[in-house]
Amino acid sequence: PVLDTEDAWVSVEGPVSIVELALEQKRIHYPLVEHQFVLCTLLYAIMRLSLKGVKPLSLFDSKGKNAFFKDLTSIQLLPSGDMDPNVLSIRQQFLLKVVSAAVQTLCSSQKDREVSEEEYFPFEKGKNWPTLAADLAQYLQISEDLVRRHYVCELYSYGMDHLGEE
């Protein structure tokens with residue numbers, strides 16, 4: 001972009017403006033940032049839902065693991081459409097664990113104290129973990145329908161039939 005400046009500002013001395021610094025930055029490789037975002041979301045789900053025995057890097061193939069340790073401005077080889085069936089199986093199990101843990105946490109908190117989801121997760125208003133798991137399924141190349149079916153089954157198994165019907 002062209003930045004027009006008045007003549008009075010041309011002779012000003014001092015540090016470089018933040019706009020000029022921003023324009024000098026290299027452009028980031030957006031798919032790499034998206035890849036990092038998926039890892040952060042997985043780590044947050046593991047932490048927030050207290051999932052045990054999950055190895056987050058096992059959810060990625062070798063190209064995906066290598067991409068985490070590169071500069072965001074570099075263009076890296078990211079995982080392609082062909083994935084190892086073992087990795088896909090691990091991803092599927094993880095997403096189903098997330099859904100099960102979210103439903104279990106919600107149901108146990110409501111039964112114990114009659115607390116709503118917003119009160120149990122006070123800093124996460126509007127955060128719906130099963131929906132988040134379905135969204136992650138797209139990035140992780142897992143069928144969204146599988147995750148949603150598991151969510152409905154979990155709701156029915158915890159006696160939340162009215163939510164399961166929806």
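These are my notebook entries on a predicted model of a single protein.

**Overall layout**

I started with the secondary structure and counted 9 helices and 0 strands. Read along the sequence, the pattern is simply α-α-α-α-α-α-α-α-α. Next I looked up burial: 31% of the 166 residues are buried. For the accessible surface I got about 11,300 Å², with 54% of that belonging to carbon and sulfur atoms. I also checked contacts between residues at least 6 apart in sequence, and 66% of them join residues at least 24 apart.

**Confidence**

The mean pLDDT of the protein is 81, and 85% of the residues score at least 70. Which element has the lowest mean pLDDT, and which the highest? Helix α6 (residues 117–120) sits at the bottom with 50, while α3 tops the list with 91. Where pLDDT is low, the predicted coordinates should not be read in detail. I therefore leave the details of α6 alone, given its mean of 50.

**Helix α3**

I spent some time on α3, which covers residues 30–48. Does its length come out as expected or not? At 1.5 Å a residue, its 19 residues should span 27 Å, and I find the end C-alpha atoms 26 Å apart, so the two agree. Then I listed its buried residues: L32, H35, V38, L39, T41, L42, A45 and I46. Many steps in a list like that can be read against the helix repeat. An α-helix has 3.6 residues a turn, so residues three or four places apart point the same way. After α3 comes S50, and I noted its positive phi, near 55 degrees.

**A nonpolar patch**

On the surface I found a nonpolar patch of about 380 Å², made by L3, I18, V19 and L23. I picked out I18, which belongs to helix α2 (residues 18–24). Is I18 buried or exposed? Its relative accessibility is 69%, so I18 counts as exposed, the cut-off being over 50%.

**The salt bridge**

How many salt bridges does the structure hold? I found 1. The side chains of R148 and E144 make it, at 3.2 Å from N to O. Side chains of opposite charge can pair when their charged atoms come close. Both R148 and E144 lie in helix α8 (residues 144–157), 4 residues apart, or about one turn of the helix. I checked accessibility for the pair as well. R148, at 39% relative accessibility, counts as partly exposed. E144 also counts as partly exposed, at 23%, a value to set against the 20% under which a residue is called buried.

Key:
Residues numbered from 1 in each chain as written. Predicted model: local features only at pLDDT ≥ 70, side-chain atom pairs only at ≥ 80, totals over all residues. Heavy atoms only, no water. Helix = DSSP H or I, 4+ residues; strand = E, 2+ residues; numbered from the N terminus. Expected span 1.5 Å × (residues − 1). Buried < 20%, exposed > 50% of the residue type's maximum accessible area, 1.4 Å probe, protein only. pLDDT = per-residue confidence, 0-100. Patch = residues over 30% accessible without salt bridge, like charges linked within 9 Å, V, L, I, M, F, W, Y side chains within 5 Å. Areas by Shrake-Rupley, 256 points an atom, 1.4 Å probe, with all protein chains shown as cover. Salt bridge = Lys/Arg side-chain N within 4 Å of Asp/Glu carboxyl O. Contact = heavy atoms within 4.5 Å.
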